[in-house]
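Please keep the model open in your viewer and make each selection as it comes up. The stops follow one another, with a short note on what to look for at each.

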Amino acid sequence: MSRVLLTVEDVTKTYDGFRAINNLTFYLDEGELRIVIGPNGAGKSTFFDLITGRAKPDVGKIEFDSDDLTLLNEYAINRLGIGRKFQTPSVYLQLTVWDNLRLSLKGSRSVWSSLTRRVPSEQADRIEDILKLIRLDAKAQLPAGQLAHGEKQWLEIGMLLAQDPKLLLVDEPAAGMTDEETHRTGELLVSLAGKHSLIIVEHDMTFVRQIASQNRTVTVLHQGSLLCEGKFDDVQSNPKVREVYLGRGKH
Amino acid sequence: MRRTPTNFETWGVTVVAVLILIVLPGLNAFTPADSFLHVSDFSIGLYGKYLCYAVLAISVDLLWGYTGLLSLGQALFFSLGGYMMGMYLMRMIGDLGQYHQPIPDFLVFLGWSSLPPFWKPFSSFPFALMMIFLLPGLLSLVFGFLAFRSRIRGVYFSILTQALTYAAAILFFRNDLLLGGNNGFTDFKFILGYDLRNPATSRALYLATGLLLLGTYLLCRWLTTTKFGKIQRAIRDSENRVLFSGYATSSFKLFVFVLSSLIAALAGALFVPQVGIINPSEMWPDKSLEAVVWVAVGGRGTLVGPVIGAVAVNWLKSWATRAYPDLRLFFLGALFILVVLILPGGLVSLPARIHGWWKHFRRPPEPAPAGAKSAAQPSTLNTQLPP
């Protein structure tokens, strides 16, 4: 029996009376890779905002290990080991790929320790490893603004890896990628499971099928609530899910 | 060795530093007044003023160009540094003022017969120097702490800084603040025992300003190569990413805000003995806006740009004031509009632009695209024609 890493219990978040998250309960085990799907407006981004401290719940409990996340702000939550990849690639466009990774590396975050030009050799090695993994080693000295869209997505995933977080929250990693890039992204994310825990929000069903192999759990959100949870095939054949999400195109 | 832009900048800065720190003061001191090489005392005073503005411009760019924080109140810190120096200079007048009293004239005028307590320590230069750092530093620390903690960003931050300098100007206009009211401080006589009317004193102040500019440039250049400098630019490009990477961005912004206020304050402290006056109009919002214009004209996000912008705009201003007194504002307005429209990167981007234009005109149009274009046009025409 594996240990619960993230606990979300009875959480509600409203914006101007709109219930973006409605009485949601969600558990994630250590080392698990969980896929979250749901139509637009289902509350997936708000769900990530609540975990990462960008938004605070109106009521409910959010705990990571034994830390109460509702009391902490964004950077403090990140320092506990929760990394987030945004839906639109969010990298430092004017800095080089190498510097993007350097700023993300796990280590001190204080102002005083940043007043140095020195990069310890073990950090430089780690950057090289990540560059190879995300296949950007040839473009290390290019400004990130010159990368293609898919490459920016990879760079942001690399920046997440550099932080070496316990939990990765990944918002639509395959958006704007070619089929081949999407497949490689899937392989990379699946390879991280076990050592890290991951929550992946995705729209692309081919991609979801790929990463949901090995009987992983898929969570379906609808109107801020949990609609159902289960294996990919079960979820896909669930009539409620077909109604709100998968079958919508057939109306 | 490869000719990188950085190497080019190093050479350029070295040449200009030699010119400013050795050649110009040398020509002022050692050539006869009628020689065509002579640099007049008036010019040295004028250049010293430009160099102070250049330091102020770097402090603006450190915030705006490098961190994305557009401060519209940077002249406040410049003026506060100036006021602290001014208080020292007022004490050094001694009893040589109009009223021949041991306290500054305006205090006599306000009915004071002895020095208010807070004025007393300013007869000590080390104390005044400490206050040049302490007062602007504390103000920027408290203001920045509150603003950045409350996540005030973008245009709201700009408006708030402008409001701060406006409020300070109104405060300093009041006579009961005992800082000279709307006349401020003037008629300075001595600094560290040297006569301010002596050309050698002006030269020394000019040199000190040149060294401050060089030191500021080198410090900021080093800073941009550190991890801190990269985080600064990362905050400018994507503050959320930095925040969600575990950095308390408010601390980084506070550090750079305080640092730039100290740089501005030092520039102001050297400005006052050279121009001989400080009054609340230096805190008026348009002074801070002007400093932003210098940076935009010179080229923001670079360290050389603000220096070029500050000197160029102020030189143009002095020249236009003498040559076309009625039209000077039109010159400045036109310069600003032209730079924004034609050279968004500022004057520092001019060489690269000219190089680009030169290459464009030198090289004949490449045959392939030209051919494709001419071939494509008739075909589209043909398809549009009815069969």
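## A walk through the two chains

Begin by selecting strand 3 and strand 9 of chain A, which run parallel and are joined by 3 bridges; strands here, like helices, are DSSP runs numbered from the N terminus, with at least two residues (E) for a strand and at least four (H or I) for a helix. Two strands are said to pair if DSSP finds at least two bridges between them. Within this pair, Ile35(A) has Val218(A) of strand 9 of chain A as its bridge partner.

Before going further, note that this is a predicted model, in which local features need pLDDT of at least 70 and side-chain atom pairs count only at pLDDT 80 or more, while totals for chains, interfaces and linings use all residues. Residues are numbered from 1 along each chain as its sequence is written, and chains are lettered from A and ligands numbered from 1 in the order in which they are written.

**The six-stranded sheet of chain A**

Now widen the selection to the open sheet of 6 strands in chain A, whose order is 6-7-8-3-9-10 and whose pairing is mixed. Strand 6 (82-85) and strand 10 (225-231) of chain A are at the edges with a single partner strand each, so one side of each has no neighbour in the sheet. From one strand to the next the twist averages 20°, where axes are lines fitted to C-alpha atoms (for helices over the stretch in contact) and angles run from 0 to 180 degrees between N-to-C directions.

Turn next to strand 3 (residues 33-37) and strand 8 (residues 197-201) of chain A, which pair in the parallel sense over 4 bridges, and pick out Val36(A), whose bridge partner in strand 8 of chain A is Val201(A). Add helix 6 (residues 179-192) of chain A, which packs on the sheet and touches strand 3, strand 7 (167-171) and strand 8 of chain A, its direction making about 145° with that of strand 8 of chain A.

Return to strand 9 (residues 217-222) of chain A, where 5 of the 6 residues are buried, so this strand is largely enclosed by the rest of the structure. A residue counts as buried if 20 or more other C-beta atoms, placed from the backbone, lie within 10 Å of its own, as exposed if 12 or fewer do, and as partly exposed in between. Strand 9 of chain A also pairs with strand 10 of chain A, in the antiparallel sense and over 6 bridges; His222(A) has Ser225(A) of strand 10 of chain A as its bridge partner. The hairpin of these two strands has 2 residues between them, and there Gln223(A) takes a positive phi near 50°.

**The four-stranded sheet of chain A**

Select the open sheet of 4 strands in chain A, which has the order 2-1-4-5 and antiparallel pairing. Strand 2 (18-29) and strand 5 (67-68) of chain A are its edges, each with a single partner strand, so one side of each is left without a neighbour in the sheet. Strand 4 (residues 59-64) of chain A runs antiparallel to strand 5 of chain A and is joined to that strand by 2 bridges, with Glu63(A) opposite Asp68(A). Helix 1 (residues 44-52) of chain A packs on this sheet, touching strand 1 (4-15), strand 2 and strand 4 of chain A, and its direction makes about 65° with that of strand 2 of chain A.

**Where the chains meet**

Show both chains: 22 residues of chain A are in contact with 21 residues of chain B, contact requiring that C-beta atoms, placed from the backbone, lie within 7 Å. On the side of chain A that touches chain B, helix 2 (74-79) and helix 3 (97-104) of chain A each supply at least two residues, and helix 2 of chain A gives the most, with 4 residues.

What covers helix 3 of chain A, of whose 8 residues 7 are buried? The cover of its buried residues includes helix 4 (121-133) and helix 5 (149-162) of chain A together with helix 8 (227-243) of chain B. Among the buried residues of helix 3 of chain A are Asp99(A) and Arg102(A).

**Stepping back**

Finally, view each chain whole. Chain A has 9 helices and 10 strands, and 43% of its 251 residues count as buried. Chain B has 14 helices and 4 strands, and 39% of its 387 residues count as buried.

Methods: Two residues are in contact if their C-beta atoms, placed from the backbone, lie within 7 Å.
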